Amino acid sequence: MTTRIYHGDLDPRLIARNLMASFDRGNYIVQQIGNEQDLAVQIATRPHQRSGGRTAMTATISKVADGISITLGQQNWFGLAASLGYTAIGAVRNPLSLLNRLDDIAQDVESIMLEDKIWEVVDQTARQFGTGQALSERLSRTICPFCNTANPIASARCLACGAPLGDVQPMTCPTCGFVVDKKEVICPNCKTRL
Ligand SMILES: [Zn+2]
Ligand SMILES: [Zn+2]
């Protein structure tokens, strides 16, 4: 499971709509459930497609304070591994057999890339609406721990009381957008080294 957070004013329905537009054709079928605050979009290969094994992946999109959070669930494989296995075994026995299965291989490889392709659509949508994984304006304020005054991000000292603010600046993980503490070396959400 991977979660990414996009900060800013973004409607989960826009992400769902773009996923729908990008995947609901050809070998995939897309279903959407839930309401505008909590949406789940399932992208699955069609039950009776001609090539490749079957796979499905669900993206859960929720509104969180100041943005949206998107989680991609574990990908279900159904016959995918079996389909690839069959191809590999067939090729050992008879390399020419691969020629008959080129469609299957192409579809299976495409399915393996599904997670990356979903993130690509999500990233594009977020960029299109001016949001991203950097902190939004509201979160980009640092509250002085001494006098509770809101200061612009990256202020070295509090505007009101002059206290040093270097240690209380919030920042986000460059990979997943999670708000992390300056002292953290590994992102608690995606385990990237910060
Ligand atoms: Zn202060
Ligand atoms: Zn992260």
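1. Start with helix 5 (114–128). In this predicted model, helix 5 lies across strand 1, strand 3, strand 4 and strand 5, and its direction runs at about 30 degrees to strand 4.

2. What is helix 5 lying on? The strands belong to an open sheet of five, in the order 1-5-4-3-2, with antiparallel pairing. Strand 1 (2–7) and strand 2 are the edge strands, each pairing on one side only. Ignoring direction, neighbouring strands are turned by 15 degrees against each other on average.

3. At the strand 2 end of that order, have a look at how strand 2 and strand 3 go together: they pair in the antiparallel sense over seven bridges. If you want one pair to click on, Gly34 has Leu39 in strand 3 as its bridge partner. Helix 1 packs on the sheet too, touching strand 2, strand 3, strand 4 and strand 5, and its direction makes about 10 degrees with that of strand 3.

4. Now helix 1 itself. Helix 1 covers residues 12–23, 12 residues in total, and reaches 17 Å from its first C-alpha to its last, close to the 16 Å expected at 1.5 Å a residue.

5. Which residues of helix 1 are buried? They are Pro12, Ile15, Ala16, Leu19 and Phe23. These residues sit on the same side of helix 1, because they cover an arc of only 100 degrees around the axis.

6. As for what those buried residues pack against, there are strand 2 (28–34), strand 3 (38–45), strand 4 (56–64) and strand 5 (67–72), plus helix 5. So worth colouring both helices when you view this one.

Technical notes:
Residues numbered from 1 in each chain as written. Chains lettered and ligands numbered in written order. Predicted model: local features only at pLDDT ≥ 70, side-chain atom pairs only at ≥ 80, totals over all residues. Helix = DSSP H or I, 4+ residues; strand = E, 2+ residues; numbered from the N terminus. Expected span 1.5 Å × (residues − 1). Buried ≥ 20, exposed ≤ 12 C-beta atoms within 10 Å, placed from the backbone. Arc of directions from axis to C-beta. Contact = placed C-beta atoms within 7 Å. Pairing = 2+ DSSP bridges. Axes fitted to C-alpha atoms, helices over the stretch in contact; angles between N-to-C directions.
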